Amino acid sequence: MSRVLVGVKRVIDYAVKIRVKPDQSGVVTDGVKHSMNPFCEIAVEEAVKLKEKKFIKEVVAVSCGPSQVTETIRTALAMGCDRGIHVEVSGKDYEAMGPLQISKIFAALAKKEEASLVILGKQAIDDDCNQTGQMTAALLDWPQGTFASEVTIDGETVKVVREIDGGLETIKISMPAVLTADLRLNTPRYATLPNIMKAKKKKIANMKPADLGVDMVSRVEVLRVDEPPTRLAGVKVETVDDLVAKLKANGTI
Amino acid sequence: MLLGKVSLTPALCTALRISPAFSGIQKQIGAAATQNARLYASSQAAEAVLDKQAVGTTTATKAATAKKAQSVESQSFAVNMFKGQINPSQVFPFPSVMNEEQTQFLQELVPPVSKFFEEVNDPAKNDSLEKVEDSTMESLKEMGAFGLQVPQDLGGVGLTNTQYARLVEIVGQHDLGVGITLGAHQSIGFKGILLVGSPAQKEKYLPKLATGETLAAFCLTEPASGSDAASIKTLATLSPCGKHYILNGGKIWISNGGLAEIFTVFAKMPMMDEKTGQMKDKITAFIVERSFGGVTHGPPEKKMGIKASNTAEVYFENVPVPIENVLGEVGGGFKVAMAILNNGRFGMAAALSGTMKGVITQAVDHAANRVQFGSKIHTYGAIQEKLARMTMLQYVTESMAYMISGNMDSGSKDYHIEAAISKIFASTDILWLFPVVCIQGSGVERVMRDLRIFRIFEGTNDILRLFVALNGFQDAGKHLKSLQKALKNPLGNAGLLAGEITKRAKRTAGLSTGLTLQGSVHPELSHSGNLAVKAIEHFGVTVEDMLLKHGKNILHEQFVLKRVADSAIDLYAMVVVLSRASRSLSQGHASAQHEKILCETWCIEAYDRIMKNVKDLKSSSTTQVFKNMKAISAAVVENGGIVAPHPLGF
């Protein structure tokens, strides 16, 4: 009966040049290329791999947002997930949506779907929060294996090798658990055209946060978004002595 | 306005610009075409193309369908423009043929394919290895790239022409060598099975071809038969037991020749001509498996460009081909060949529009960053002109590709002139794209080498120009013939004749004949629309003039045919961008104003070129120039080289 929930987030594509909106309320998203968050891709790949190794039976891809996120869910289906869930969030709720709301949704879904594992990307490349996995585990009171670079299932426990500042840490946690994927966990497969075709037949269920008893009210208000300061030109010097003199002159040493 | 009494007076004939002796001309063109069948593949192609409605239908309905095809008015814009008429149905509005499901599906396919070509495929490696890397080939097969247009129930992706074009564009943008490997396999290699294969043949061969388990190759060209495809010598003779054809011959320049398992082979067979009672060589198409035995191939040709694509000679020695493997009809092979080439042609324009896009991005990057004489070079007029020209060319090419694929998907069977135009256009002017680009090490030099072949294979551009012109003349000739018929019964055809007289009188007086694109073209583009209309009118008149002047000998007037074809290409290009820019304006795209400028600029220059061609064709000094060129050519041929002695005397 093992089922895995995988979260996939639709974000601005990593290769796009980000521009801040003139009113500084956020970044320009209209007409901009979007794709699945790279860490979510790694999470999907891991889940599908586990299914291929027969550790789990079903992989469910979940995304929260407006209708466009179904594209992202379909990509997950094309990579091998069995079915999808689209939690509809739009307008102001979508703009204000953050890890707190998402983790509440995932916690509710994990219970509803009786999942053994929730696998998420470690963070999203748009907000870089790195909170959703941790919050989800806390709300569920489940163990968490975050920044995973290796995952091994052994009966009812999971061995997770984690990437930490000092190196690698190996932990053993019991299921059900929340895992978040780090960069070196795996290399996501390319969706093949035949798989994309097959994915068209897979089901995507629709629901709203209210159906899960989740309130989307945000406790965070974005005041202003600025571009990073433009990099100033450097100054070239001829010798090391000149360099030292300059550094002394502007008070750096 | 009813005509009172219309009699066939000389005045009337002059007004209608028909010589009383015209009656035989159209017939003669047709006859000459058949007589000179081996002169140009194009003329047979024209014949084949007219009958091509019959390709793929059962024998019983063939005759009926062929007759019907010829009596129905053509909806093709190109066909009508040769008659000086405008049929906007296939060009306005710009076709938008995909339903929601197809659009969504395509949108899902583009990112993985793009990603693959950006991250996995290594064009430089493929080029230096002179083959597509094995791992890349495997991934392409897994990806489903080898069966894009095979129906889903036979294991393919089942794409429409428009969807196929969009993916082929991505391939063109990144690696033309891979593009040709894929195209030689599915765009021509096994396309015949898709178009005219029997259900049994489709079921037997398509599934493995779709997954790339077997590769396909198109085998038409021989050492002595390139453009003159009808002259091939590979022979197929029925075996004594009557169950096999025995194939003997050799093919040259075959893409995928060294890799393929399944070959579409064209061979001649002596057949009894029912009409004359004589034996005649007719071509038949066969599906040949390498496993039949007797099929060998030569080493890969060392080429300047598309090095990753395998090109080899293929030899057939007493190859036994079961009679079930005849593709299409016995003796109908030429039509099958033309149908295959015709059907795949739009893919070239699509691929090349992608190539252009890629090159332009590099050119822009270079121009925007390179500093010379104290300024970024894109601030200089010379560079600005180059960048602008590149952009316009890409816009036209892309517009043509998707207009044609859209027409094909809408069920049009009448797109052969437009397809030929798009192939010529995409492969000729692409050279404009190169001067400004930094050539070293950016992969652009490889692209430049890869592009040269596109003017040559799948119908050389020279032949295709003749094809465009002669096809156009044939239809225009028929129109004149029908007028001739009408003249025999003027009272019964009073309306038609009155219309024609009025039209011609107006044209002679330089007045507009009411031909208009108003209502089709966006109001902001009306000036350019008028240029197109004027060009069509002058073009139509020129076509008639040439027909009347040369009659059946127009077949031999290649200087004329080339200029007519070039004008036709420019005209179609004008209309295509008018359509696309109009749509952008109507839909309020952010880029609409930019596209408007592209369109207007293109139309101004295209109009000038067309008018120059029209003027040249009327002028006696040009006729003299043609004569002179003929003489120059004869002299150097006779001399085996340059004739004029060295200025230094030795």
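This report covers the salt bridges, cysteines, an annotated domain and the chain contacts of a predicted model.

## Ground rules

The model is predicted, so local features need pLDDT of at least 70 and side-chain atom pairs count only at pLDDT 80 or more, while totals for chains, interfaces and linings use all residues. Residues are numbered from 1 along each chain as its sequence is written, chains are lettered from A and ligands numbered from 1 in the order in which they are written, and side-chain values use heavy atoms, leaving out hydrogens and water.

## Salt bridges within the chains

Over all chains, the structure holds 41 salt bridges. A salt bridge here is a side-chain nitrogen of Lys or Arg within 4 Å of a carboxyl oxygen of Asp or Glu.

Take K9(A). Its side chain meets that of D126(A) in a salt bridge, 2.9 Å from N to O. The two residues are 117 apart in the chain. K9(A) sits in the loop between β1 (3-7) and β2 (10-12) of chain A, and D126(A) in the loop between β6 (117-121) and α5 (132-140). Helices (H or I, at least four residues) and strands (E, at least two) are DSSP runs, numbered from the N terminus. K9(A) also forms a salt bridge with D127(A), at 3.1 Å from N to O. D127(A) lies in the loop between β6 and α5 of chain A, 118 residues from K9(A).

How accessible are these residues? Buried means under 20% relative accessible area, exposed over 50%, and partly exposed in between (1.4 Å probe, protein chains only). K9(A) has 27% relative accessibility, so it counts as partly exposed. D126(A) is partly exposed at 44%, and D127(A) is partly exposed at 35%.

## A helix tied to a loop

K104(A) forms a salt bridge with D215(A), and their closest N and O atoms are 3.8 Å apart. K104(A) lies in helix α4 (residues 99-112) of chain A and D215(A) in the loop between β11 (204-207) and α7 (240-249), so the pair ties together parts 111 residues apart in sequence. K104(A) is partly exposed at 21%. D215(A) is partly exposed too, at 35%.

## Cysteines

How many disulfides does the whole structure hold? A search finds zero over all chains. C129(A) is in no disulfide, and the nearest cysteine sulfur, that of C40(A), is 12 Å away. The cut-off for a disulfide is a pair of cysteine sulfur atoms within 2.5 Å. C129(A) is partly exposed, with 26% relative accessibility. C241(B) is exposed, at 53%.

## Chain B: a domain and a network

An unreviewed UniProt entry places the feature "domain: Acyl-CoA dehydrogenase/oxidase C-terminal" at residues 331-428 of chain B. Such annotations may be inferred rather than shown by experiment; UniProt positions are given in the numbering used here, and feature names are shortened. Over residues 331-428, chain B is 81% helix and 4% strand. The end C-alpha atoms of this stretch are 34 Å apart.

Chain B also has a network of salt bridges. It links R166(B), E169(B), K357(B), E398(B) and R580(B).

## Where the chains meet

In chain A, 11 residues are in contact (heavy atoms within 4.5 Å) with 19 residues of chain B. The two chains bury about 1,400 Å² between them, 63% of it on carbon and sulfur atoms. Buried area is the accessible area (1.4 Å probe) that two parts lose on being put together, summed over both. In chain A, Y190(A), L193(A) and M197(A) lose the most area to chain B.

Three salt bridges cross this interface. K200(A) and E101(B) meet in a salt bridge at 3.1 Å, N to O. Helix α6 (residues 193-199) gives the most to the side of chain A that touches chain B, with four residues.
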